[in-house]
Amino acid sequence: MNAEKVIEKLKSEYPGKNIVQNSPEEPTEIVCEIDPERGVAVAVIDRSEPHHHDKIAESYKILSGSLALYIDGSEKELEVGDEFEVYPGEVHFALGDETWVEVTSTPPWSANDHILEGISA
C-alpha cells in the first residue's frame, strides 16, 4: 500500500478528519473517521486483522476496488457498489488492494469492542 498517497487523498477528500493507520511502519489498513458520533468511516484496505465485535454491527459499502470479506470462515467477494452487513460475534477480516470502503458501525465503533482473534489473515 502506498500509505503516503492514500493519506494525502484522504486529507484532500476529508479535510480535518482523524486518520488512523493500523501499523505506522507498514500499514495494511488506513481509516479516516468521517463522522465518529454516527459511526461512519472510510477504510482503505489491503488486509485487516481477524477480529469480532460483541455489540457492533458493521455495514460495508465498496467505494472503489474489490474486497474479499471473510466472515466465520466463508468468503464474500464484493465489488464497487456492493454492500454487506457483519453482525456482532462474527469473526471477520478483509483482503483488498487499496480498496476504499465506507464502514458504518452501529452502535458507533469503539476500541473496547474490537477484539482481535490472534490469527493471521
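This passage walks through a predicted model, from its first helix and main pocket to a few residues with unusual backbone geometry.

Helix 1 makes a handy starting point. The helix spans residues 3–13, and A3, V6, I7 and L10 are its buried members. Looking down the helix axis, these buried residues fall within an arc of 95 degrees, so they line one face of the helix. The face turned away from that buried side carries E4, K5, E8 and S12, which are exposed. As for what sits over the buried residues of helix 1, the cover includes strand 1, strand 2, strand 3 and strand 9.

Several of those strands turn up again around the largest pocket. This pocket holds about 630 Å³ of space. Its lining counts 22 residues, and the closest to the pocket centre are E29, V31, E58, W109 and H114. Strand 1 (18–21), strand 2, strand 3, strand 5 (57–64) and strand 9 (92–106) are the elements that give two or more residues to the lining. Strand 3 supplies the largest share, with four residues. Sorted by class, the lining of the largest pocket comes out as eleven nonpolar, seven polar and four charged residues.

W109, one of the residues closest to the pocket centre, is also a contact of G39. This glycine sits in the loop between strand 2 (29–35) and strand 3 (40–47). Despite its place in a loop, G39 counts as buried because its relative accessible area is 8%, below the 20% cut-off. Setting aside residues up to four places away in sequence, G39 touches V103, T104, S105, P108 and W109. P88, for its part, is 49 residues from G39 in sequence and 15 Å from it in space, C-alpha to C-alpha.

Strand 9 has more to offer than its part in the pocket lining. The structure holds one aromatic pair, made by Y70 and F93, whose rings are stacked at 4.7 Å centre to centre with 10 degrees between the planes. Y70 belongs to strand 6 (residues 67–71) and F93 to strand 9, so the pair ties together parts that are 23 residues apart in sequence. F93 itself is buried, with a relative accessible area of 17%.

D97 lies in strand 9 as well, but here the side of the story is exposure: with 64% relative accessibility, D97 counts as exposed. Its contacts, leaving out neighbours within four places in sequence, are I45, D46 and S66. D97 and P15 are 82 residues apart in sequence, and their C-alpha atoms are 24 Å apart in space.

Finally, the backbone has some oddities. Most residues other than glycine have a negative phi, and most peptide bonds are trans. E98, found in strand 9, has a positive phi, near 55 degrees, and is partly exposed at a relative accessible area of 24%. D72 also has a positive phi, near 50 degrees. This aspartate lies in the loop between strand 6 and strand 7 (74–78), and at 48% relative accessibility D72 counts as partly exposed. The peptide bond from T106 to P107 is cis, with omega near -10 degrees. P107 is part of the loop between strand 9 and strand 10 (115–116).

Note on methods:
Residues numbered from 1 in each chain as written. Predicted model: local features only at pLDDT ≥ 70, side-chain atom pairs only at ≥ 80, totals over all residues. Heavy atoms only, no water. Buried < 20%, exposed > 50% of the residue type's maximum accessible area, 1.4 Å probe, protein only. Contact = heavy atoms within 4.5 Å. 1 Å grid on protein atoms, 1.4 Å probe; cavity = no way out; pocket = protein on both sides within 12 Å on 5 of 7 lines; lining within 4 Å. Points joined across faces, edges and corners; volume = space filled by probe spheres on them. Nonpolar A, V, L, I, M, F, W, Y, C, P; charged D, E, K, R; others polar. Arc of directions from axis to C-beta. Phe/Tyr/Trp six-rings, centres within 6.5 Å; stacked < 30°, edge-to-face > 60°.
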